[in-house]
Amino acid sequence: MDHELCWRLEALYTAAWPPLRHETIGDWLLKFAPGVSRRANSASPLVARVRDVDASIEDCAQRYREAGMPALFRILSVLDPAAGALLERLGYKPEGETVNLYARIDETRAKRDEAVTVEAR
């Protein structure tokens with residue numbers, strides 16, 4: 001796994017779909033927006049090894065409580081397992097999963113999927 005690429009993609013995802021409001025607590029980027037989008041209303045790690053995991057998770061959860069929102073934490077595959085383990089011990093449960101696929105443009109070839117039909121309305 002290319003960890004550097006994963007972190008670059010994370011930055012691009014946030015830039016491509018920025019939250020209406022955000023703040024940083026420790027090594028977490030907290031995102032806030034109206035609606036129910038998990039991506040726009042969750043805490044994302046900014047580094048692989050989150051410093052002061054216990055306190056930073058509690059501080060993030062407090063900010064979401066103050067905003068009247070559930071605390072959702074994105075746990076990336078490149079994140080040190082300590083953060084995920086602590087969230088599990090605190091009673092947080094996985095509730096969604098995202099898989100990001102990528103390929104080098106110069107190594108891909110478009111192929112028509114016969115099972116997909118596009119029609120004008």
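**Group meeting: the sheet, the helix across it, and the salt bridges**

Okay, let's start with a pair in helix 1, residues 3–16: E4 and R8 both sit there, 4 residues apart, about one turn of the helix. Helices here are DSSP runs of H or I with at least four residues, strands are runs of E with at least two, and both are numbered from the N terminus. Before I go on, this is a predicted model, where local features need pLDDT of at least 70 and side-chain atom pairs count only at pLDDT 80 or more, while totals for chains, interfaces and linings use all residues. Residues are numbered from 1 along each chain as its sequence is written, and side-chain values use heavy atoms, with hydrogens and water left out.

Back to our pair. E4 forms a salt bridge with R8, with the closest N and O atoms 3.7 Å apart; that term means a side-chain nitrogen of Lys or Arg within 4 Å of a carboxyl oxygen of Asp or Glu. E4 counts as exposed at 56% relative accessibility, while R8 is partly exposed at 47%. The cut-offs: buried is under 20% relative accessible area, exposed is over 50%, partly exposed is in between, using a 1.4 Å probe and protein chains only.

Now the sheet. 3 strands make an open sheet in the order 1-2-3, with antiparallel pairing. Strand 1 (21–25) and strand 3 (43–45) are the edges, each pairing on one side only. From one strand to the next, the twist averages 25 degrees. Two strands pair if DSSP finds at least two bridges between them, and strand 1 is joined to strand 2 (residues 28–32) by 5 bridges. One partnership to look for is I25 with W28 in strand 2.

What lies across the three strands? That's helix 2, residues 53–66, running at about 10 degrees to strand 2. Angles run from 0 to 180 degrees between N-to-C directions, with axes fitted to C-alpha atoms, for helices over the stretch in contact; contact means heavy atoms within 4.5 Å.

Helix and sheet also share a salt bridge: R63 with E23, closest N and O atoms 2.8 Å apart. R63 is in helix 2 and E23 in strand 1, 40 residues apart, so this pair links distant parts of the chain. R63 is partly exposed, at 22%. Both residues belong to a salt-bridge network with R21 and E66.

And how many salt bridges are there by this rule? The count comes to 10. Another one is E95 with R38, at 3.2 Å, N to O.
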